[in-house]
Amino acid sequence: MIEVEQLGKRYGDFAAVTDLSFTVGSGEVLGLVGPNGAGKTTTLRCLSGIIPPSQGAIRICGHDLGQAPLLAKRELAYFPDEPRLFDYLTVRQHLRFMARLYHVPDAEARGRQLLEELELADKADALPGTLSRGMKQKLAIACGLLHGPRVVLFDEPLTGLDPYGIRRMKDAIRRRAGEGMAILVSSHLLHLVEEICSHLLIVKQGRKVAWGPMEDVRRQFAEASPDASLEEIFFRATGGSDGVAGTGAGGG
Amino acid sequence: MFRTLVYLVACQWWNRVLSQVRRLRQPKYLAAAAAGLAYFYWFFLRNMFLGPPGVSPFRAAGAERGIEWAALWEVAGALGVAAMVVAAWLFPRKRAALDFSEAEVAFLFPAPVGRRTLVHYKVLRGQLGILLGAVLMMLMSARSTTGPVWVRLLGWWTLIAALELHRLGAAFARTRLLDRGMTTGRRRLWVLGTALVVAAGFFAWVWRAQVMPTAGDWASMESMAAYAGRVSDSGPLYWLLLPFRVMVRPLVAGSGGAFAAAIVPAWAVLGVLYGWVIRSTVAFEEASVERAALRARAQAAVRSGNWQLLEGLRPRRDPFRLAPLGLPEIGFLWKNLIVAGSTFSVRFWVSLGVGLVVAAMAMKGAMRGSAGPPMLGMLLLVSAVLSLVVGPQVATFDLRQSFGTLEVLKTLPVPGWRLVLGEVAASWVVLTVVQWFLLVLAAVLGGRVPGWAERGWLAAGLGVGLALVIPGLNLLSLLIHNGAALLFPGWTRFGAGPSHGFEAMGRNLLMMVGVIVSMALALAVPGLAGAAVFFVTRGVLPFAVVAPLGALLALGLMLVEAYAGLRMLGDRFERMDISTELAAGGS
C-alpha cells in the first residue's frame, strides 16, 4: 500500500532524508521513530504530497505520487501533529467541504457517523476556534477519514489528547488496521509504538537504521536480553550508530 | 538584574538587524532594500540634507506677513499635548497593562525580577520605537518646522518619550483608583468636571479681562495670529499651558542656542514623569498577560491576512447548498464565500439588488428633470471603474487568506490549476457581481447626462461592453495578485519572513510596480483587439453592437490568458516546496 524507494530530501546542502526505502502493507501499522531532527516529519510530508522529494519514488496503493498525485492523494489521509483547520468553517462545514473535494456520495450519513464515533456530534455547528486541542484533533481525523482512505499517516497522534482520547485513538488505529488500512505512525512515544505497531522503522539523521516487523527489529538489537523494551532497543539502535544506514532487519 | 535585561534588549535588537542584513544576500531582498532606500532618499533625505531648506507655501506666505509661526506652533502643539494628556485620563477603561511579548511573559514574569525592574525594562525597550517614531515625525514635519535636523529629532524624541511616560503613569494611577473603588464612570465625571471648570474659568477671564475677539481680530490671518499670541501669552492660559509648552518648545527652537535653553526644562519634566512612573507601579501582570495573548493573536491575524480573526468569529450560514459530488472549484467558492461573510449570500444580493433598483427607479421618477439622479449614476459608474483597481487588493478571500492552511490544500486530490481557480472564484464572483450591480444602478439613474442623451445607443453599447469585460479584468487582476503571493510568498505579508524598514517599503513598491506592469502586459492584446473590432465595425454596424462585439473579443482573449495563467500558477502550486518557501520567508 505504501512503497518508498530511495527517498531523499535536501534543503540546500542539508540532507533531511537520505536513501530511505520501506513498504507498509495492508493491515500493517508501521511505527516511525527517531531522535529530533531525524527526518520523520519530512518523510511524512513527502509521503502525503505536501513537499516534493528531491529524489526517489513513492507509491500509494500502486499510484506513483510524482506521476499520478491525484490518484495517490485520493487514497491517503495525513494527520499532522498540529491540526490545520479552516478558521471560518464549522465542524459540519468542514465535512461538507471535504466531501466535495473527495467526491464522497454518502457524505451526510458518513459524516454523522464519524461525528458520533468521535463524540463531536454536539459540536457540529462550532467553529474550530471554540474547540479544545483534542477536539480539533478529532475534527481533523473526521475530515481525513470521511473519504475512506486506504493509507493513513499520523504525526504524533496523541499530542493534546486526554486519557480517554488516547485510548480511543489507539483503538481506532488498531481497528482501521484490522479493516485493512496501511498505517504509518510517527511518534516519540515509544510505549505507543510498542503497543500498536506491527512494524518499526528507526531513522537517524535522515537515514534508515532499522526496519522490519517489530519482533525482527527487537531481535536484531536485543543482543543478550531478548525481552528488552523498545526504549532500550531505540537507544541501542540510535546511540551506537553514527548515522550510517543500517542493513535493517527487513532489508531495503 | 537590570543589566541582564539590557543584555536581552541589545541581543534581540542586534540579532534582528543581523537577520535583516543576512537576508540581503538573496537578490530579491537586496532589490527591495535598494528600492526602499532610493525611495526614502528621493522623497525625504534629498531635501533634508542636500537641497535648500524646505518651507511650506503656507509658512512662507505667513512669514511674508510677519506672522510669528514658532510661537503659534508652540501654543497649538501645547494644546494638542494637553488634549492627549486629558484623553489618557478620560478614555481608557482597562487596568494598566504593559506591552510584553508572550516570550517575555513566559520568561520574565516567573523569574525573580521585581515589578520596578520590569517597568524599567519596558521603558528602556520602548526607546527604540520612540526613536523611530521621532525620526518619522521629524521627516513628516520637515517642511513645517525650522532648526537643524538633530534639534528636531531630539525635540520629537523628548515629546514622544514624555507622552509615553505619562500614558504609563496615568494607567498606573487609573488602576490604583480602580483598586480604591473609584469606577471608570466616576473617574470620567471627575476629569470632565475638572476640564469644564478650567474651561469656564478661562472664558470668565476672557470676559472679565475684556479680551474677547473683536471683528478686527477676525479680519485677517495676521490679526488672528496676533490675537492668539496675545491671549496665550497672558493671563491664566499662559500658566495652564506652560508645562505643555515647555515640552513643545524644543521642537520649534530655530537654532542650537534656543534649543539648549528649551531642552533643560523639558528634560526636567521628563525626569519628573520618569520618577512618577517608576515609583507608582501597580499590579500590571494579569492585564499584561492578556494583552500579550491579544497581541500575538493580532500578529497571527495580520500575518495570515485574516483580519476578521481579530474580532472573534461566529459561525456563518452556508451561502448555498453544497452537494458532495460535482466540480471541486464550487467547493472552494462555497468555502471562501463563507470566509467573505454572510453579506455575500445569494439571497442577500438578490434582495438588495431588486430593492435598490426599484428605489433608484422611484427616485428617478420623483426627481424627474433634476441633475441629482444622473450625477449619482455617474458617481456609481466611477465607483465601478475604480473598484476594478482597488477591489482585487481588498477582496482577499482567496489563496492570499489560505496560506495558513497550505499544508491541507497540498494534500487535496485536486489539480493545482483547478485549486487556484477555485480559490480565486469567491473574490472573482463577489467583485463582478458588485460591479455589475453598480453598472445597473448607474444605468437606471443615468441617461440624462448632458451630451449623452442623444448618443443613447453608444452609451448603452459602452455600458454593455464594460459589463462584458468586467469578469475578465477581475479574473486577470486576481490571478496577478494571487500569483504574486504564490511566486513570492516571502514577499507578501502572508509569508513567514517578516520585513521591516526600507526592505518592506521597497518590497511594497516593487510589488505595486510588478502588478501594474503585469496587468498592462496582460491587457495589451485583448485591449488592442477589442479596440480594433470597435473601430473597424463602427461604420458598418450600429453603435449598440460594436462596443459589445469588441468587448466580447477582449473578454475571450482575457479568458484565454487567464487559463494560461491558471495553468502556470497551478503548476507552481504543485511544485511549491512550502517547507522552504514559507519557513525561510521565501527562496
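**Exercise 1.** In this predicted model, determine which kind of interaction joins the side chains of Glu117(A) and Arg176(A).

*Solution.* The N to O distance for Glu117(A) and Arg176(A) is 2.9 Å. A salt bridge requires a side-chain nitrogen of Lys or Arg within 4 Å of a carboxyl oxygen of Asp or Glu, so the pair qualifies as a salt bridge.

**Exercise 2.** Establish how chain A is divided into domains and where their centres lie relative to one another.

*Solution.* Domain 1 of chain A comprises 1-75 + 150-252, and domain 2 comprises 84-148. Taken over C-alpha atoms, the centres of these two domains are separated by 26 Å. To the contact, domain 1 of chain A gives 14 residues and domain 2 of chain A gives 14 residues.

**Exercise 3.** Describe the area buried between domain 1 and domain 2 of chain A, and name the three residues that supply most of the share from domain 1.

*Solution.* The two domains of chain A bury about 1,100 Å² between them, with 47% of it on carbon and sulfur atoms. On the side of domain 1, Arg74(A), Arg168(A) and Arg176(A) supply 41% of the area buried against domain 2, more than any other three residues.

**Exercise 4.** Characterise the polar interactions across this interface and the side that domain 1 of chain A presents to domain 2.

*Solution.* The interface holds 3 salt bridges and 6 residue pairs in polar contact. On the side of domain 1, α2 (69-74) and α6 (163-178) of chain A each supply at least two residues. The largest share, 4 residues, comes from α6(A). By class, this side of domain 1 of chain A has 7 charged, 5 nonpolar and 2 polar residues.

Terms used: Residues numbered from 1 in each chain as written. Chains lettered and ligands numbered in written order. Predicted model: local features only at pLDDT ≥ 70, side-chain atom pairs only at ≥ 80, totals over all residues. Heavy atoms only, no water. Domains from an automatic or database assignment. Contact = heavy atoms within 4.5 Å. Buried area = accessible area lost by both parts, 1.4 Å probe. Polar contact = N/O pair within 3.5 Å; in protein donor to acceptor, adjacent residues only side chain to side chain. Nonpolar A, V, L, I, M, F, W, Y, C, P; charged D, E, K, R; others polar.
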